[in-house]
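Please read the following report beside the sequence and the structure, which are shown first. The sections after them take up selected residues, their surroundings and their side-chain pairings.

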Amino acid sequence: MADTGHVATDGAPRRDFLMLATGAFAAVGVGAIAWPFIASLQPARDTLALATTDVDLAPITEGQAVTVMWRGKPVFVRSRTPKEIEEARAVAVNALPDPATDQSRVQREQWLVLIGICTHLGCVPSGQRATDTRGEYGGWFCPCHGSHYDTSGRIRKGPAPRNLDVPQYAFTSDTKIRIG
């Protein structure tokens, strides 16, 4: 028989190439299937738009309070009077159910910013309007279960386990804040 010049091989290089090509094809396929699922976990544009809320403080007069929405929650912004500030700072912190100083709850003493949801069962306390019942301590009152909050949003009486929450916020100018 004549030698044709072919060398007998066991097919290893071809097999390695096929395994590599199959693995790469499978990885691309898994990525193509997983990408829409992973992308769906990102927050929607309308949700991102609600991530922050800007509030103009200029039209709010001393003693007045406004409610703005942030992430679907009411946020109470109150321009406190000197009397309200004095009352909040005169409280013995160790006598509070959820001890916190007034200074730890505000960035500027005149402006109090709170999430307006009772920490007991998630009701919205009254006290934002001048005609609302503000409870025994002049802050907010939750009529559902009788929680009383003071002029710093601290729980003073009733079943609520903790103070009204203070959201993350920052002053962007002397008359504007950004919540979130």
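## Threonine 53 and its surroundings

In this predicted model, T53 counts as buried, because its relative accessibility of 15% falls under the 20% cut-off. The residue belongs to strand β1, which covers residues 53-56. A polar atom of the T53 side chain lies 3.2 Å from the backbone oxygen of M69.

If residues up to four places away in sequence are set aside, T53 touches M69 and W70, and also I177, R178 and I179. M69 therefore appears twice in the description of T53, as a contact and as the residue whose backbone oxygen lies 3.2 Å from the polar side-chain atom.

## A positive phi at arginine 71

R71 is placed in the loop between β2 (65-70) and β3 (73-79), and its phi is near 55 degrees, a positive value in a residue that is not glycine. For context, most residues other than glycine have a negative phi.

## A nonpolar patch at the surface

F37, I38 and L41 make a nonpolar surface patch of about 340 Å². Of these residues, F37 is found in helix α1, which spans residues 12-40, and F37 counts as exposed because its relative accessibility of 55% is over the 50% cut-off.

## Aromatic pairs

The count of aromatic pairs comes to two. One of them is formed by F76 and W140, which are stacked, with 5.8 Å from centre to centre and 15 degrees between the planes. Since F76 lies in strand β3 and W140 in strand β5 (residues 138-142), the pair ties together parts that are 64 residues apart in sequence.

Both partners are buried: F76 has a relative accessible area of 2%, while W140 stands at 0% relative accessibility.

## Salt bridges

The structure holds 13 salt bridges. Among them is the one in which the side chains of R134 and E84 meet, at 3.6 Å from N to O. This pair links distant parts of the chain, with R134 in the loop between β4 (111-115) and β5 and E84 in helix α3 (residues 82-89), 50 residues apart. R134 is buried with a relative accessible area of 18%, a value that counts as buried because the cut-off is 20%, and E84 is buried as well, with a relative accessible area of 8%.

Another salt bridge joins D102 and R89, whose closest N and O atoms are 2.8 Å apart. Here too the pair links distant parts of the chain, since D102 sits in the loop between α3 and β4 and R89 in helix α3, 13 residues apart. The partners fall into separate accessibility classes, for D102 is buried with a relative accessible area of 1%, whereas R89 counts as partly exposed at 33% relative accessibility.

## A buried pair and a network

Are R154 and D150, which form a salt bridge, buried or exposed? R154 counts as buried at 0% relative accessibility, and D150 is buried with a relative accessible area of 2%; the closest N and O atoms of this salt bridge are 2.9 Å apart. Elsewhere, salt bridges that share partners join R80, R89, D102 and E109 into one network, so the D102 and R89 pair described above has both of its residues within that network.

Notes:
Residues are numbered from 1 along each chain as its sequence is written. This is a predicted model: local features need pLDDT of at least 70, side-chain atom pairs count only at pLDDT 80 or more; totals for chains, interfaces and linings use all residues. Side-chain values use heavy atoms; hydrogens and water are left out. Helices (H or I, at least four residues) and strands (E, at least two) are DSSP runs, numbered from the N terminus. Buried means under 20% relative accessible area, exposed over 50%, partly exposed in between (1.4 Å probe, protein chains only). A polar contact is a pair of N or O atoms within 3.5 Å; within protein, one must be able to donate a hydrogen and the other to accept it, and residues adjacent in sequence count only if both atoms are side-chain atoms. Contact means heavy atoms within 4.5 Å. Patches are made of residues with over 30% relative accessible area and no salt bridge: like charges are joined within 9 Å, nonpolar side chains (Val, Leu, Ile, Met, Phe, Trp, Tyr) within 5 Å. Accessible areas come from the Shrake-Rupley method with a 1.4 Å probe; for residues, only the protein chains shown count as cover. A salt bridge is a side-chain nitrogen of Lys or Arg within 4 Å of a carboxyl oxygen of Asp or Glu. Rings of Phe, Tyr and Trp (its six-membered ring) pair if their centres lie within 6.5 Å; planes under 30 degrees apart count as stacked, over 60 as edge-to-face and the rest as tilted.
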